[in-house]
Amino acid sequence: MKPQVYCVNYAGHAGKWIYDGYRGAWEKLGYDVGATPSNKEFDSSMAWLGTPTDFNEDYYLMVPAAMMIREDTLIAAQHARKSFLFVQPQTFPHPWGSHPNFTCNIKQHLIDAINEIESAVLWTFADVNEENQHFYSGWNKKIHTFPLAFDSINYQPESVDKYKQFDISFVGGWADNGFNEKRKIILDIFREFKDSGLKCGFFVNKNLTHQQECNLLANSKMTLNIHDAYQRVLGFDTNERTFKSLGLNGLMISDSVTHLSKLFPEIKTSLDPKELVTLAKEVLSLPEDDREELRQRNKDDILKNHCYTNRIQEMLKV
């Protein structure tokens, strides 16, 4: 009998793509994946776990800690072989900390209860270090950093000629996290590329299908990555687009974020839109053999070290 994993199943937003990646990776590693309900339903029912009164089943649990908003939902975590609980900071730097997107909404007595669960593995995709540890002051257990990753299972590109015309591509959204800072960042960068002479396949809030995005990134000559303002300033985490762009295409330039450069020191970055255009042209001007060697090296690194299967294998060692 396959080991059982209960992994949250989001209907939309960033959580969907992250946890879809994890669900597919669990299955690839030989686990039987069952779904927990959405966040709104989780606190009112544990029927997804079968018979919650006896817990005879041997299982793993993977959900955000923010779902533990009622004491009875802690039972599922307490009885799991291991519970991988994603945590958010309790406080966050100004101005972002004033918005609920950036902080945890769990009562301290529930955090205390989670701290007592021996099998609970607390994790986040941000870098947790001496500089920002105080943001997580209520958590007494160690918080492990497992960065985001490439979903090599659900992203299967196809060759599409119309996308091969693009020198550089980008797919994203305005991602208004309460302050609408990313819109200006994106527009400032696009303004420079507009007059660059490069053929740009830039799509923002265009509702491309999953497969269209996959094909565009994979078939264009290279890709562009853009982060939110808080990521640029604080540098604790990078976005999923980092891994997706490198995994599908292999060639990427990005605005500067500390966490990205820590993971991928060879990737060229800048906060200056003009310099980003210069960096793109430098990559595109490489001899074709050198460019393709760099592309393949980056793709191989992602597939070897930065897929969701890699993250699960790291988690299971904790």
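This section describes a parallel sheet, its strand E5, and the cores and helices around them in a predicted model.

The sheet is open and has 6 strands. Their order is E2-E1-E3-E4-E5-E6, and the pairing is parallel. Strand E2 (32-36) and E6 form the edges, each pairing on one side only. From one strand to the next, the twist averages 25°.

Strand E5 spans residues 120-124. On one side, E5 is joined to strand E4 (residues 82-86) by 4 bridges, and the two run parallel. Within this pairing, Ser83 has Ala120 as its bridge partner. Phe84 stands opposite Val121. Strand E5 is also joined to strand E6 (residues 143-145), here by 3 bridges and again in parallel. In that pairing, Thr124 stands opposite Thr145. The connection from E4 to E5 involves helix H4 (residues 108-115). Together, E4, H4 and E5 make a β-α-β unit, and this unit is right-handed.

Strand E5 is mostly covered, with 5 of its 5 residues buried. In a regular strand, side chains alternate between the two faces of the sheet. Both faces of E5 are covered. Ala120, Leu122 and Thr124 are buried on one side. Val121 and Trp123 are buried on the other. Helix H12 (residues 308-316) lies across strand E3 (59-64), E4 and E5. The helix runs at about 120° to E4.

Trp123 of E5 also stands out in the largest nonpolar core, which has 74 residues. Trp123 is among the residues with the most contacts inside that core, together with Tyr22, Trp26, Met62 and Trp139. Beyond its neighbours within four places in sequence, Trp123 touches residues from several parts of the chain. Among them are Tyr19, Tyr22 and Met62. Phe84, Leu85, Phe86 and Val87 are also in contact with Trp123. Further contacts are made with Ile143, His144, Phe146 and Met315. Apart from the largest core lies another, of 23 residues. Its members include Phe170, Phe193, Leu224 and Val283.

Helix H6 (residues 210-219) was examined next. Its buried residues are Glu213, Cys214, Asn215, Leu216, Leu217 and Asn219. These buried residues pack against three strands, namely E7 (168-172), E8 (200-204) and E9 (223-225). They also pack against helix H8 (240-248).

Terms used. Residues are numbered from 1 along each chain as its sequence is written. This is a predicted model: local features need pLDDT of at least 70, side-chain atom pairs count only at pLDDT 80 or more; totals for chains, interfaces and linings use all residues. Side-chain values use heavy atoms; hydrogens and water are left out. Buried means under 20% relative accessible area, exposed over 50%, partly exposed in between (1.4 Å probe, protein chains only). Contact means heavy atoms within 4.5 Å. A nonpolar core is a set of buried Ala, Val, Leu, Ile, Met, Phe, Trp, Tyr and Cys residues joined through side-chain atoms within 4.5 Å. Two strands pair if DSSP finds at least two bridges between them. A crossover is right-handed if, with the strands pointing away from the viewer, the path from the first strand over the helix to the second runs clockwise. Axes are lines fitted to C-alpha atoms, for helices over the stretch in contact, and angles run from 0 to 180 degrees between N-to-C directions.
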